[in-house]
Amino acid sequence: MKVCLYLELEKLLSRSGIYSAFRNHLQALKTAGVEVTTDPQDRYDLLHLHWLGPKSLWYLRRARKKGIPVVLHAHSIGSYDFAGGFTGTSLVAPLYERYLDRAYRLADALFVPSEFAKQMLSERGLGAVFVVSNGIDLSRFRFSEEKRRIWRERLGLERFTVYCSGNILLRKGVIDFIEVARALPELAFVWFGQYWGPLGFHPRMYKALKRRPKNLLFPGFVREPEGAYAACDLFFFPTYGENQPLVVLEAAALGRPLVLRDVPAFSELVHGVQCLKGATVEEFIAHVQRMAEEPARRLALSREAYRWAMGHSLPEVGRRLASLYRAVLETAQPEKMG
């Protein structure tokens, strides 16, 4: 079995979670002993697409004509995770979802990173949908005291530090993050991630960013996230909608306790066991303050979160991918895979 794992516009997407998931799957397949190529012009038995640009759709249709099964990795489920992102996405979200539905129906199977995403797509009648984690490289995202020291000096951090990571977009909960930082001036806050200027403009968010408190840093995108994140003490993600963000897995792998918004994508994590969940700024303030004041509680939550992350390790993901690929190849009818 030889698989083509293809990501169109790889360089353009190099700062995205899609790219990270693609690289994780590539490494996971190698650990599972699956022969893999990233060149869609090569010969292969199955095509696995991680994005749906025009080239990807062309290779998809070509593969179908040749009788080669095609798997699409549904990093997006439609309006839910598209609206409220880049400028104008809320206006075109319905059209975007219809485009996805048409493209997804061309595949032999859809892979999604969470049970929530599976449910959403299955309810739209999009055929065979299977959960495959984006994965986490536990050998890379391993806590290092040395990296922590280096990055705390680089960022000028001396206090208990709360962080988040992701594109600076309204949907990610940036405004709530800013308000929590404002309410807790005794703590340091850091948001790692790209600011897209006009491409990610929203008037409320822009105003909040201009008025951000002095205890909040925006260092931008970092190429050594395992070190930058280790410099911080608590991961706080007030996002309004996700599928399975890699930053949560990365934080858990690094032993950072988690405070999350209570959204369906995080249903796999239990409040009070692997994380604390909230829905309002007031709840987030209380959770963050509690974590800052209770080291034993932080340790207990981070240990359970790490156990959860272990279930998403690259060897586990590689075995899952190989099993589903074989089923697609053997049956060519994914609905019989069970």
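**Briefing: a parallel sheet, its helices and its salt bridges**

Histidine 73 stands opposite phenylalanine 111 in strand 5. The model is predicted. Strand 4 (residues 70-73) and strand 5 (residues 109-112) run parallel, joined by 3 bridges. They belong to an open sheet of 6 strands.

**The sheet**
- The strand order is 2-1-3-4-5-6, and the pairing is parallel.
- Strand 2 (35-37) and strand 6 (129-131) are the edge strands, each pairing on one side only.
- From one strand to the next, the twist averages 25 degrees.

**Helices on the sheet**
- Helix 1 (residues 17-31) lies across strand 1 (2-6), strand 2, strand 3 (46-49) and strand 4. Helix 1 runs at about 165 degrees to strand 1.
- Helix 2 (residues 54-65) also packs on the sheet and touches strand 1, strand 3 and strand 4. The direction of helix 2 makes about 160 degrees with that of strand 3.

**Helix 11**
- Helix 11 (residues 281-293) has 13 residues and reaches 18 Å from its first C-alpha to its last.
- Its buried residues include Phe284, Ile285 and Val288.

**Salt bridges**
- The count comes to 16 salt bridges.
- Glutamate 146 and arginine 149 meet in one of them, at 2.6 Å, N to O. Both lie in helix 6 (residues 145-155), 3 residues apart. Glutamate 146 is partly exposed at 43%, and arginine 149 is partly exposed at 39%.
- Glutamate 316 and arginine 319 form a salt bridge at 2.9 Å, N to O. Both lie in helix 13 (residues 314-331), about one turn of the helix apart.
- Arg140, Lys147 and Glu226 are joined into one network by salt bridges that share partners.

Notes:
Residues numbered from 1 in each chain as written. Predicted model: local features only at pLDDT ≥ 70, side-chain atom pairs only at ≥ 80, totals over all residues. Heavy atoms only, no water. Pairing = 2+ DSSP bridges. Helix = DSSP H or I, 4+ residues; strand = E, 2+ residues; numbered from the N terminus. Axes fitted to C-alpha atoms, helices over the stretch in contact; angles between N-to-C directions. Contact = heavy atoms within 4.5 Å. Expected span 1.5 Å × (residues − 1). Buried < 20%, exposed > 50% of the residue type's maximum accessible area, 1.4 Å probe, protein only. Salt bridge = Lys/Arg side-chain N within 4 Å of Asp/Glu carboxyl O.
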